[in-house]
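Let's take a walk through a protein together. Have the structure open beside you, and pause whenever you want to find a residue for yourself.

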Amino acid sequence: QITTLINHKDKPKRSDKTLQAIQRVGQAVNLAVARFVTVGETIANENRELKEEMSVACIEARRAGETIAQLTDVASLDHPESDSHITIFTDKTGVVKAARSLLASVTKVLVLADRIVIKQIITSRNKVLATMEQLEKVSSFQEFVQIFSQFGNEMVEFAHLTGDRQNDLKDEKKKARMAASRAVLEKCTMMLLTASKTCLRHPDCESARINKDGVFHRMRLALEQVIEIVTDSRPNGENEMAPISIYSGIKEFKNKVEGLRENLYFLSKENLSTMLEVILEHTEDFTDSAYTSHEHREHILELSKQAKMELEQLVSVWMQAQNQKTKDLMEDLEVAILKTCQCMNELKREVHSAATSLAADLLKYHTDHMVLKALKITGVEGNLEAVAEYTCKLSEQKEQLVEMCRLLRHVSGTEPLEITCMHAEDTFQVTGPQIISAAETLALHPSSKIAKENLEVFCEAWESQLSDMSMLLREINDVFEGRRGEKRIYLSLPRPGKHNANLKPLKPVKLDTEEQAKIAKLGLELHLLTSDVDSEMEKWEDQENEVVQRGQGMSSMAYSMYLFTRGEGLLKTTQDLFHQAEIFATEGTKLASALHAFSDQVHDDDKPLLLLEAEKLISLCKQLQITAKASVQGKSATFAKV
């Protein structure tokens, strides 16, 4: 609106319509400022230390808004030129000055409000840390239970504050780092409970102490990382340099090579050679890996050799073209650019294939969780020798999965996915030894219920990370095939004027602890079901089958609903959730008809069972449609509908 005012043309003839429009815009700006400032003043009253600065910024904003309203008060003027009343027509610079002042003070209010949010998060983190220190030192069960209850409440508050912050972050990289840290804290809270209880029950057990210390250490690191992201700082002022991936290296290299078409002099040949050397150094992660197949290794080495030759040829033509730009030389340069880029694309495809095929094989191989099951059984039997044997197997498995994450990071295609790969690598690195110490504790105390429960919790974390890897692998493949976001089309949220023309904006509702727990539990169940669906889908050889594709689409939608229960993802309001549920039900009906068509290929005994399931699905979808469309009012009714 300010831009409209500043850019309006000074026409000699001004119709009533123009005058009214200008006045309306001026009033709208003033009203918007007044509303904005009211919020700022409320924040100021709640935060004494910034009250003065905030109040000054609010007064300046209000003053500028009123000035704009006065300067645009032109509708009543028949002859503004002859009138002594100063308006936008007689003093355009006045509006520009007021607009500048307004934007400066609005920015200041926003920055101050942001400082308050950051302070709230830091205060909340400090509370959590202080309670953690108490938990670490506690020596009686009763005291532990009391303090842990307080700790739980503080963690819920911290989760809400950081969840809101995560949604507000614009930088996708920071968003991914924040999500990773919050996931660690969420999983570690349960681990901290069982590991501490085991330590209290078996105070002289060394492996139980190691297990507990590991959880506390990891939580402290995650809390520290959240604060780094929120305050945009690194300890000791060091810069975080994430290692460059092969994908981003190739992308940058190709951009430079293709840039030669526009400008032959913007970079040196040494610069290009160094870039290629760095990429080829990274490919050694693949060629040196014990898990890369012989075939992939050979292809990567051949393509690396070819890339050097193509670059030599390119440099040679490029140097000649710098001396004399003949038509023939420019055509040769174009051919050399195309051949170099094509070679890099082939190298990219080869490393992608090597990483994703290894990941698919490993994930398939480890889905049965045989080693974890064996550790639980031999632990309960108190068989220390067998536990030692299976801990060696788990360590091998950990090394394989860590290597898989490292290779996947190179081909993940986007920075957020790279961060997710690094987080997964870290999780396997840390959780492996923790399972081992928990299993050793159980083997030493085979009749201990709490030691058994503790091992279960760490094994679940491992299984959950493996399940997340299947989803991550799917996303990496989607990015590579240019399908990024295709499955998200079902998250078509209500667009203003399209679906929700007559919906009033909904105020955010604060849930109490019991309600939060209920929603979180339902969300978790939904998450586990999506993992089941995903692992079933992977068993299908024909991934293009309509049944699989519909199933994958529904799984993605259900996952977005799970994220909603955690205050994350694309569904921001309950209205978004209900709209998503309607689309989910429609998709379910389509899946049912795909199952009907598919039933013709099914053998006699199984066919009636399949058709029965399809009928069940249709009635459940109808039920969901009715629930999603039912109108509700009030907090408890909305909560029940959610």
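What follows goes through three helix pairs, then a cavity, then a pocket.

One thing to keep in mind as you look around: this is a predicted model.

Start with helix α9, residues 269–287, and helix α11, residues 327–365. Their axes come within 11 Å and cross at roughly 25°. Angles under 35 degrees count as roughly parallel, so α9 is roughly parallel to α11. The crossing itself is left-handed. Which residues make the contact between α9 and α11? On the α9 side you'll find Leu276, Ile279, Leu280, Thr283 and Phe286, and α11 brings Met344, Leu347, Val351, Ala354 and Ala355. Sort that list by class and you get nine nonpolar residues and one polar, with no charged residues.

Now move along the chain to helix α13, which covers residues 384–410. Its partner here is α15, residues 449–480. The axes of α13 and α15 come within 12 Å, and they cross at roughly 25°. With that angle, α13 and α15 are therefore roughly parallel to each other. Left-handed or right-handed? The crossing of α13 past α15 is left-handed. To see the contact, pick out Leu394, Gln397, Lys398, Leu401, Met404, Cys405 and Leu408 in α13. They meet Trp462, Leu466, Met469, Leu473 and Ile476 in α15. By class, the contact of α13 with α15 has 10 nonpolar residues, one polar and one charged.

The last pair is helix α12, residues 370–381, and helix α14, residues 415–444. The axes of these two come within 7 Å, again with a crossing angle of roughly 25°. So α12 and α14 also run roughly parallel to each other. Watch the handedness, though: the crossing of α12 and α14 is right-handed. From α12, the residues in contact are Leu372, Leu375, Lys376, Gly379 and Val380. Across from them in α14 sit Ile435, Ala439, Leu442 and Ala443. Seven residues of this contact are nonpolar, one is polar and one is charged.

Next, let's look for empty space. How many cavities of 30 Å³ or more turn up in a search of the whole structure? There is one, and about 60 Å³ of space lies in it. Its lining is made of Ala183, Val184, Lys187, Met191, Arg218, His423, Thr427, Thr431, Ala461 and Gln465. You've already met two of the helices involved: α14 and α15 each supply at least two residues of the lining, as does α6, residues 172–201. The largest share, four residues, comes from α6. This lining is a mix, with four nonpolar, four polar and two charged residues.

Finally, head further along the chain to the second largest pocket, which has a volume of about 1,500 Å³. Its lining takes in 43 residues. If you want to find its centre, look for Leu526, Leu529, Ala558, Phe584 and Leu624, the lining residues that lie nearest to it. The elements giving two or more residues to this lining are α16 (513–537), α17 (546–565), α18 (574–598), α19 (606–629) and α20 (635–641). Which element gives the largest share? That's α16, with 12 residues. By class, the lining of this pocket has 29 nonpolar, seven polar and seven charged residues.

Key. Residues numbered from 1 in each chain as written. Predicted model: local features only at pLDDT ≥ 70, side-chain atom pairs only at ≥ 80, totals over all residues. Heavy atoms only, no water. 1 Å grid on protein atoms, 1.4 Å probe; cavity = no way out; pocket = protein on both sides within 12 Å on 5 of 7 lines; lining within 4 Å. Points joined across faces, edges and corners; volume = space filled by probe spheres on them. Nonpolar A, V, L, I, M, F, W, Y, C, P; charged D, E, K, R; others polar. Axes fitted to C-alpha atoms, helices over the stretch in contact; angles between N-to-C directions. Parallel < 35°, antiparallel > 145°, perpendicular 65-115°, else oblique. Left-handed = near helix turned anticlockwise from the far one by under 90°. Contact = heavy atoms within 4.5 Å.
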